[in-house]
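Colleague: I've just opened this one and I'm not sure how to read it. Could you walk me through a few features?

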Amino acid sequence: MKRIAIVLSRLLWFVPTLLGLIALVFSISHIIPADPVRIIAGDQATAEQIDALRTKLGLDRPLWEQFLSYLARVAQGDLGMSLFSQRPIVEDLMARLPATLELGVSAVLLAVSVGVPLGVVSAVYRNSPLDHVVRVVSVSGLAIASFWLAMELQLLFSMKLAWTPLSGRIAGFPPEPRSGFMIIDALMDGDREALDSALRHLALPTLTLALPAAAQLVRLTRAGVLEVINSNHVLYQRAMGFPGRVIIWKYVLRAAMTATVTQIGLIFGVYVLAGAIVVETVFDWPGIGLFAVNSILRSDYNGIVGFTIWAGLIFIVVNLVVDVVHSFIDPRIVR
Amino acid sequence: MSAHRFTVLRRFLRDRASFLGASIVLALVLCAILAPVIAPHPDDIHDFHTANRLKPPSWYNPFGTDRMGSDLLSRMMFGARTTLTICVIAVGIACIVGIPIGLVAGYYRGWVSEMLMRIAEIFLSVPQIVLAIAISQTLGPSIENVVLSLAASFWPFWARLAYAETRSVKNEVFVESAVALGCSAPRVMLLHILPNIASPLIVRTSIGMGVTILNAAVLGFLGLGAPPTTPEWGRMINEAREFLPEAWWYVTFPGLAIFFVVMGFNLLGDGLRDILDPRIRRGAARRG
């Protein structure tokens, strides 16, 4: 019952947080010195044309009225039209979401499957040469600008060694889009060539996004394991003659991971979602990050606002899921 | 007191990682201040030598030249100025706004505190760099706007930290006794609570500098940072993109500069944490 209450209270928070976020983005885009109407109308527009456009866009009404009508539109899933492509922004974002998710999910999977074991090993063999190497690598991983790493990887693997393609998602014809995930679609088609191409295209962007995330996971896991490893229940298990492997990988890891899991939402948001903006730009990956950057380059105002709300929504949902998962693996939270 | 300070300093210097971090940060500050004096070709910031463009590293141009034929090392040294100015001011504003909010919200209970922290949480509901991009895009590219957007997206971190720390010391005996002695609320907050929560704030500031440098570089890379002719590391990497793979130095050296500087602040932060926070002192952990 308690668990349901936790999930419900989190769900209740969802609405005010989202409302607040929309209000924040709205104020950023409306309380600014520059006049958006003048920008949209262009340099040649006369005063009458500007006034007409202002009335048409509803920008002559009081701010709170504008906000309410904006809110009503967002609630209906309408983020406005892209000033550049003249298509609804929601449509553009939806079409690009699978590409970003494919990249993001594979980066998180890679980061978790490398970062967590390394963190455990690093903690168990603390102050060994291995621990020092892991720590140096994880400190470095957090200091690298991802757009720079992306370009250096391109330079080495695509340009010099020609092992991976330079950019894009696939070479030749893509498989029939069923799920939007290139790998899953290729598997469903049984198209080995497409699968091979998709995986090669995915390799470098995934690596770029996964490195800082893995580095952060190593640090969190290492700290968590070190905290648990000296506790009494571990001493007891040792005294009872439990095999070391079972103690570490079953009991210590589970206790240590509860703290790490709460951070995975943050890691997803900071390193994967935000990282996607620059990584997708460098690798020309057709996801929502590239959409955001294209909007920036074309001064597509609605596009940026739409992307910001979209990114916030994904971030809030991911954190919600993490909270729920956390309440399941950490029994203490329910008590 | 001074003896204690001395041992703290000695312990800090003995730890290789912290020492390395502090040295890198010091080197960055020196580079930024002395750029016009120590840069090999300080005039290259304004002058173009198109005949000399995209030359690989040599004795004359240690890091090669860029697309305008300017010396890359010199531009990077002036870039240290841009980066340090942006980040120090941005983090400074974020601290000045965030810490008092967290302190007040943590000290008092009531709907004002609740409101303040909810507002901070809304700012945190979108990844920081996304918010910074949205703000700097609306305001247009200039150094002031970069500072503003970074500060606006960063203050909630300090507010939340100061809030949590204030909450945790608020019921300690020393706060109670200060109140009992008749200290005013601002006095209790500034002279009794703030010094006691300073350690985590200082640690966070050092690591926050690293994060801010990375974010500022992203803004520069996206063309939202300093205006085009300003030497800025992120923008330099963006300019270099079209000259790959031939001009490898053009991308590589500014990126390495970002890497070392961010690592410097992170190591410094870790080192400060070991010294300032006795609960997780590394020596103690080793004995356990």
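Modeller: Sure. Let's begin with the word "contact": two residues are in contact if their C-beta atoms, placed from the backbone, lie within 7 Å. And keep in mind that this is a predicted model.

Colleague: Which residues is Ala213(A) in contact with, leaving aside its neighbours within four places in sequence?

Modeller: There's a run of them at Ala107(A), Val108(A) and Ala111(A), and then Ile267(A), Tyr271(A) and Val272(A).

Colleague: And how do I read a nonpolar core?

Modeller: The general idea is that nonpolar side chains tend to be buried together in soluble globular proteins. Here, the largest nonpolar core has 165 residues. Ala213(A) turns up again: along with Phe147(A), it has the most contacts inside that core. As for helices, α11(A) gives the core its largest share, 18 residues.

Colleague: How many residues of each chain are in contact across the two chains?

Modeller: Chain A brings 36 residues and chain B brings 37. On the chain A side, α1, α6, α7, α11, α12 and α13 each give two or more residues. By class, that side of chain A has 26 nonpolar, eight polar and two charged residues.

Colleague: What secondary structure does chain B have?

Modeller: Eleven helices and zero strands. Chain B's C-alpha atoms fill a box of roughly 75 × 45 × 35 Å along the principal axes, and 47% of its 288 residues count as buried.

Colleague: What about contacts between residues set apart in the sequence of chain B?

Modeller: Take the contacts between residues at least 6 apart in sequence: in chain B, 70% of these join residues at least 24 apart.

Definitions and conventions. Residues are numbered from 1 along each chain as its sequence is written. Chains are lettered from A and ligands numbered from 1 in the order in which they are written. This is a predicted model: local features need pLDDT of at least 70, side-chain atom pairs count only at pLDDT 80 or more; totals for chains, interfaces and linings use all residues. Helices (H or I, at least four residues) and strands (E, at least two) are DSSP runs, numbered from the N terminus. Ala, Val, Leu, Ile, Met, Phe, Trp, Tyr, Cys and Pro count as nonpolar, Asp, Glu, Lys and Arg as charged, and the others, Gly among them, as polar. A residue is buried if 20 or more other C-beta atoms lie within 10 Å of its own, exposed if 12 or fewer, and partly exposed in between; C-beta atoms are placed from the backbone. A nonpolar core is a set of buried Ala, Val, Leu, Ile, Met, Phe, Trp, Tyr and Cys residues joined through C-beta atoms within 7 Å.
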